[in-house]
Amino acid sequence: ARAQRQAAERAAMRKLEEDAKRKAAEEAALRKRAEEARLEGAREAQAKEDETRRRHELARVQAEEEALREKRNAERAAGHFFAANFAKLKRRLRGRAQRRVDDARLSALLWLR
């Protein structure tokens, strides 16, 4: 009877140890999965942040290029404006000078008569 009782106690102890090992293994697996999920979340957050930073950088570069293009267009327009005004001024002055020459010729012709 004592041998039977000892065998039953040993079997019970073995079962308790196996249960404890299984429970520890399950907890370790859960912790590992939780850590992997945390790392995956961190990677996703980092990727999203990188993407946002890249988009902002791209938008900044495009804005700078657009500003430069507008500045060049404005300078070109100002150049055309000044060139046109200068040409108009030259034409006006040439017209005045030509009229003076014509007036002088006319008066000379009249005077010669």
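Colleague: How many residues apart in helix 1 are Arg60 and Glu57?
Modeller: Good place to start, with one caution: this is a predicted model, where local features need pLDDT of at least 70 and side-chain atom pairs count only at pLDDT 80 or more, while totals for chains, interfaces and linings use all residues. Helices (H or I, at least four residues) and strands (E, at least two) are DSSP runs, numbered from the N terminus. Arg60 and Glu57 are about one helical turn from each other in helix 1, because their spacing is 3 residues.

Colleague: How far apart are the closest N and O atoms of Arg60 and Glu57?
Modeller: Residues are numbered from 1 along each chain as its sequence is written, and side-chain values use heavy atoms, with hydrogens and water left out. A salt bridge here is a side-chain nitrogen of Lys or Arg within 4 Å of a carboxyl oxygen of Asp or Glu. Arg60 and Glu57 form such a salt bridge, with their closest N and O atoms apart by 2.5 Å.

Colleague: Is Arg60 buried or exposed, or partly exposed, and at what relative accessible area?
Modeller: Buried means under 20% relative accessible area, exposed over 50%, and partly exposed in between (1.4 Å probe, protein chains only). Its partner Glu57 is partly exposed, at 40%. Arg60 is partly exposed too, with a relative accessible area of 39%.

Colleague: Which residue does Glu51 meet in a salt bridge?
Modeller: Look 4 residues along helix 1, about one helical turn from Glu51. Glu51 is partly exposed at 33% relative accessibility, and the partner is partly exposed at 46%. The N to O distance is 3.5 Å, and the partner is Arg55.

Colleague: Which residue forms a salt bridge with Lys71?
Modeller: The partner lies in helix 1 as well, 4 residues from Lys71, about one turn of the helix. The partner is partly exposed, with a relative accessible area of 48%. The closest N and O atoms are 3.9 Å apart, and the residue is Glu75.

Colleague: Which residues do salt bridges that share partners join into one network?
Modeller: Side chains of opposite charge can pair when their charged atoms come close. In this chain, salt bridges with shared partners make one network out of Lys15, Asp19, Arg22 and Glu26.

Colleague: How many salt bridges does the count come to?
Modeller: The pairs discussed above include Glu51 with Arg55 and Lys71 with Glu75. By the 4 Å rule, the count of salt bridges is 13.

Colleague: How far apart are the mean positions of the positive and negative charges?
Modeller: Lys and Arg count as positive and Asp and Glu as negative, with His and the chain ends not counted. Each charge is placed at NZ of Lys, CZ of Arg, CG of Asp or CD of Glu. The protein chain has 32 positive and 21 negative charges, and the distance between their mean positions is 11 Å.

Colleague: Which residues form the positive surface patch?
Modeller: Patches are made of residues with over 30% relative accessible area and no salt bridge; like charges are joined within 9 Å, and nonpolar side chains (Val, Leu, Ile, Met, Phe, Trp, Tyr) within 5 Å. One member, Arg94, is in helix 1 (residues 2-112) and is exposed at 54%. The positive patch consists of Lys88, Lys90, Arg91, Arg92, Arg94, Arg96, Arg99 and Arg100.

Colleague: What accessible area do Phe86, Leu89 and Leu93 have together?
Modeller: Accessible areas come from the Shrake-Rupley method with a 1.4 Å probe, and for residues only the protein chains shown count as cover. Phe86 belongs to helix 1 and is exposed, at 51% relative accessibility. Phe86, Leu89 and Leu93 form a nonpolar patch on the surface, together giving about 300 Å².

Colleague: What radius of gyration does the protein chain have?
Modeller: The chain has 1 helix and 0 strands, and its C-alpha trace spans about 165 × 5 × 5 Å along its principal axes. The radius of gyration is taken over C-alpha atoms, and the globule rule is 2.2 Å times the number of residues to the power 0.38. A compact globule of 113 residues would be near 13 Å, but this chain has 48 Å.

Colleague: How far apart in space are Asp102 and Arg2, C-alpha to C-alpha?
Modeller: Asp102 lies in helix 1 and is partly exposed at 37%. Asp102 and Arg2 are 100 residues apart in sequence, and their distance in space is 148 Å.
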